[in-house]
Amino acid sequence: MPEKAHVQEPAGKLGILLPGMGAVATTFVAGVEAARRGLGMPIGSLTQMGTIRLGKRSDKRSPMIKDFITLAKLEDIEFAGWDIFEDDCYEAACKAGVLERAHLDPMKDMLKSIKPMPAVFDKRYVKKLSGPNVKKGATWYDLAQQLKDDMQRVKEEKKCRRMVAVWCGSTEIYLEKKPVHETIEAFEAGLKKNDPSISPSMVYAYAAISSGIPYANGAPHLCVDTPALVQLAREKKVPLSGKDFKTGQTLMKTIIAPGLKARLIGLNGWFSTNILGNRDGEVLDDPESFKSKEVSKLSVLDSILQPHLYPELYKDFYHKVRINYYPPRGDNKESWDNLDIFGWLGYPMQIKINFLCRDSILAAPIVLDLALLMDFSQRAGLYGIQEWLSFYYKSPMCAPELYPEHDLYIQLMKLKNNLRHLMGEELITHLGVAAKKTPFVVLEGGVWREAPPHGPHSS
Ligand SMILES: NC(=O)c1ccc[n+]([C@@H]2O[C@H](COP(=O)([O-])OP(=O)(O)OC[C@H]3O[C@@H](n4cnc5c(N)ncnc54)[C@H](O)[C@@H]3O)[C@@H](O)[C@H]2O)c1
């Protein structure tokens with residue numbers, strides 16, 4: 001048997017910090033509370049409903065993931081967040097219109113008790129929004145200190161032993177990596193000089209990481225995906241993950257594309273269009289915020305289909321993604337996909353997908369799983385980019401020498417094998433033989449590497 005990692009027990013309360021308390025965040029909070037009260041099931045959450053096979057198939061060992069690893073219990077979670085609007089969690093959930101009043105009203109008192117703290121916000125980075133609940137400070141650095149004070153206060157007031165932050169705020173404009181993002185020294189100098197290449201989400205991330213709080217980025221913008229913040233996370237031994245929750249149309253893409261590739265079916269083009277009418281849709285109506293989303297959505301197919309390995313099948317396929325803001329639909333997005341594919345002797349075929357989804361209903365379980373698994377990572381001594389959590393992201397962060405893994409099935413295998421590895425179980429390779437190399441594999445910041453001979457947790 002491989003060696004089991006030391007994972008600290010999840011003693012005491014876990015505080016989940018939510019920068020941005022709109023549709024996703026309020027659906028998440030209300031859903032956790034509903035599950036705690038037995039008013040609904042946390043459907044879509046791997047940590048709450050998933051199982052993990054251990055050992056040989058004939059062993060018939062498939063415990064629930066939450067029984068296999070030590071996770072914070074839903075009862076032990078506390079919530080806090082920031083928003084540019086003053087609405088408490090109940091009012092914000094009513095305005096988001098995802099969950100019905102019949103669902104929200106029994107939990108009204110609890111939801112009303114969660115009031116957003118004033119946000120770090122700047123309209124230059126989210127052009128379509130403005131709101132009154134915003135902090136004042138001379139520099140990004142001062143604002144980061146205010147956020148750190150908020151985090152410390154929440155921890156004390158809610159008596160939390162540990163905290164994690166999951167960005168559920170709006171998508172900011174597309175920013176390129178600049179020298180200010182290269183090292184933490186340059187970044188801190190930039191915070192003090194109000195460098196315009198630093199955006200509010202980076203200020204939250206900086207405040208969290210430097211307070212020792214794991215940070216997950218649910219939006220497609222740059223934020224923690226910079227050498228500077230990765231460096232800080234490594235120095236502070238804090239786990240990071242991102243970017244952009246994998247829901248809706250992109251989730252479907254990463255389910256279908258691996259199947260086409262597995263059967264060597266060619267692709268001439270994939271056209272994706274959406275209508276959505278929530279606040280997220282309004283923000284994405286701005287071309288600069290949309291650019292962040294577009295880059296995230298477009299990266300998926302290339303990495304799954306590997307045109308460089310299969311030029312006859314996938315070279316030069318046309319891929320287009322459109323998002324249209326259409327207020328009458330609210331959060332109930334509708335997407336259409338047209339795939340022009342080809343098979344035997346090049347004969348063309350088509351697939352049409354019409355997905356009537358609810359964005360925040362798909363995103364809420366991701367927020368829960370990320371919060372619990374990022375906390376687990378920290379207790380297991382993992383830090384830096386948690387690539388094994390790629391399963392949850394449209395545009396997974398990975399080490400610079402690697403390429404991101406987008407295939408949902410490979411991502412799931414990676415996630416489960418990571419848990420098996422940490423818990424001292426054999427990896428499952430589907431060869432019928434568990435990976436013999438297990439003891440010689442090391443996870444550093446979620447990245448698998450060959451370990452030096454002195455054991456799996458030396459880095
Ligand atoms: N819903 C999904 O399926 C899904 C999928 C992938 C990614 N996302 C991303 O998740 C994020 C949240 O989505 P949503 O549907 O809840 O959007 P939303 O517009 O309903 O909520 C975002 C909230 O963030 C607030 N906000 C903006 N900037 C802020 C700041 N600097 N500090 C604090 N609060 C700030 C806004 O006021 C708003 O209330 C978006 O970035 C979206 O792109 C959502």
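**Entry 1: backbone oddities**

I started at K159, which lies in the loop between α7 (140-157) and β4. For the labels, I take helices (H or I, at least four residues) and strands (E, at least two) as DSSP runs, numbered from the N terminus. Phi of K159 is near 55°, a positive value in a residue other than glycine. I noted that down because most residues other than glycine have a negative phi, and most peptide bonds are trans. The other item is a cis peptide bond that joins G242 and K243, with omega about -10°. K243 lies in the loop between β6 and α11 (248-262).

Two housekeeping notes. This is a predicted model, so I keep local features only at pLDDT of at least 70 and side-chain atom pairs only at pLDDT 80 or more, while totals for chains, interfaces and linings use all residues. Residues are numbered from 1 along each chain as its sequence is written.

**Entry 2: domains**

I looked up the domain assignment next, and it gives domain 1 (13-245 + 361-417) and domain 2 (248-356). Such bounds come from an automatic or database domain assignment. Taken over C-alpha atoms, the centres of domain 1 and domain 2 are separated by 26 Å.

How many residues of domain 1 are in contact with domain 2? I get 27, against 28 residues of domain 2. Contact here means that the C-beta atoms of two residues, placed from the backbone, lie within 7 Å. On the side of domain 1 that touches domain 2, I find 13 nonpolar, seven polar and seven charged residues. My classes: Ala, Val, Leu, Ile, Met, Phe, Trp, Tyr, Cys and Pro count as nonpolar, Asp, Glu, Lys and Arg as charged, and the others, Gly among them, as polar.

**Entry 3: the seven-strand sheet**

I traced an open sheet of seven strands in the order β3-β2-β1-β4-β5-β6-β11, with parallel pairing. A pair needs at least two bridges between the strands by DSSP. β3 (117-118) and β11 (384-385) are the edge strands, each pairing on one side only. Strand β6 (residues 239-242) runs parallel to β11, and two bridges join them. At that junction I see L240 opposite I385 in β11.

Which helix packs on this sheet? I found α15 there, touching β1 (13-19), β4 (160-167), β5 (215-217) and β6. The direction of α15 makes about 130° with that of β4. Axes are lines fitted to C-alpha atoms, for helices over the stretch in contact, and angles run from 0 to 180 degrees between N-to-C directions.

**Entry 4: the four-strand sheet**

Here I have an open sheet of four strands in the order β8-β7-β9-β10, with mixed pairing. β8 and β10 (348-356) stand at the edges with a single partner strand each, so one side of each is left without a neighbour in the sheet. From one strand to the next the twist averages 10°.

My pairing list:

- β7 (residues 266-276) and β8 (residues 318-325) run parallel and are joined by eight bridges; F271 has K320 in β8 as bridge partner.
- β7 and β9 (residues 334-342) pair in the antiparallel sense over nine bridges; I275 stands opposite E334 in β9.
- β9 and β10 run antiparallel, joined by nine bridges; D337 has I353 in β10 as bridge partner.

Helix α13 (residues 287-305) packs on the sheet and touches β7 and β8, its direction making about 150° with that of β8.

**Entry 5: α1 against α4**

I checked this helix pair by axis angle and distance. The axes of α1 and helix α4 (residues 89-96) come within 9 Å and cross at roughly 115°. A23, T26, V29 and A30 in α1 meet C89, A92, A93 and A96 in α4. By class I count seven nonpolar, one polar and no charged residues in this contact.

**Entry 6: around the ligand**

Which residues are the closest to the ligand? They are G20, G22, A119, A219 and R279, out of 37 that surround the ligand. I count a residue as near if its C-beta atom, placed from the backbone, lies within 6 Å of the molecule. α1 (23-36), β2 (77-83), α12 (279-284) and α15 (359-379) are the elements that give two or more residues to this shell. α15 gives the most, with four residues. By class, the shell has 21 nonpolar, 11 polar and five charged residues. Domain 1 and domain 2 each supply at least three residues to the shell.
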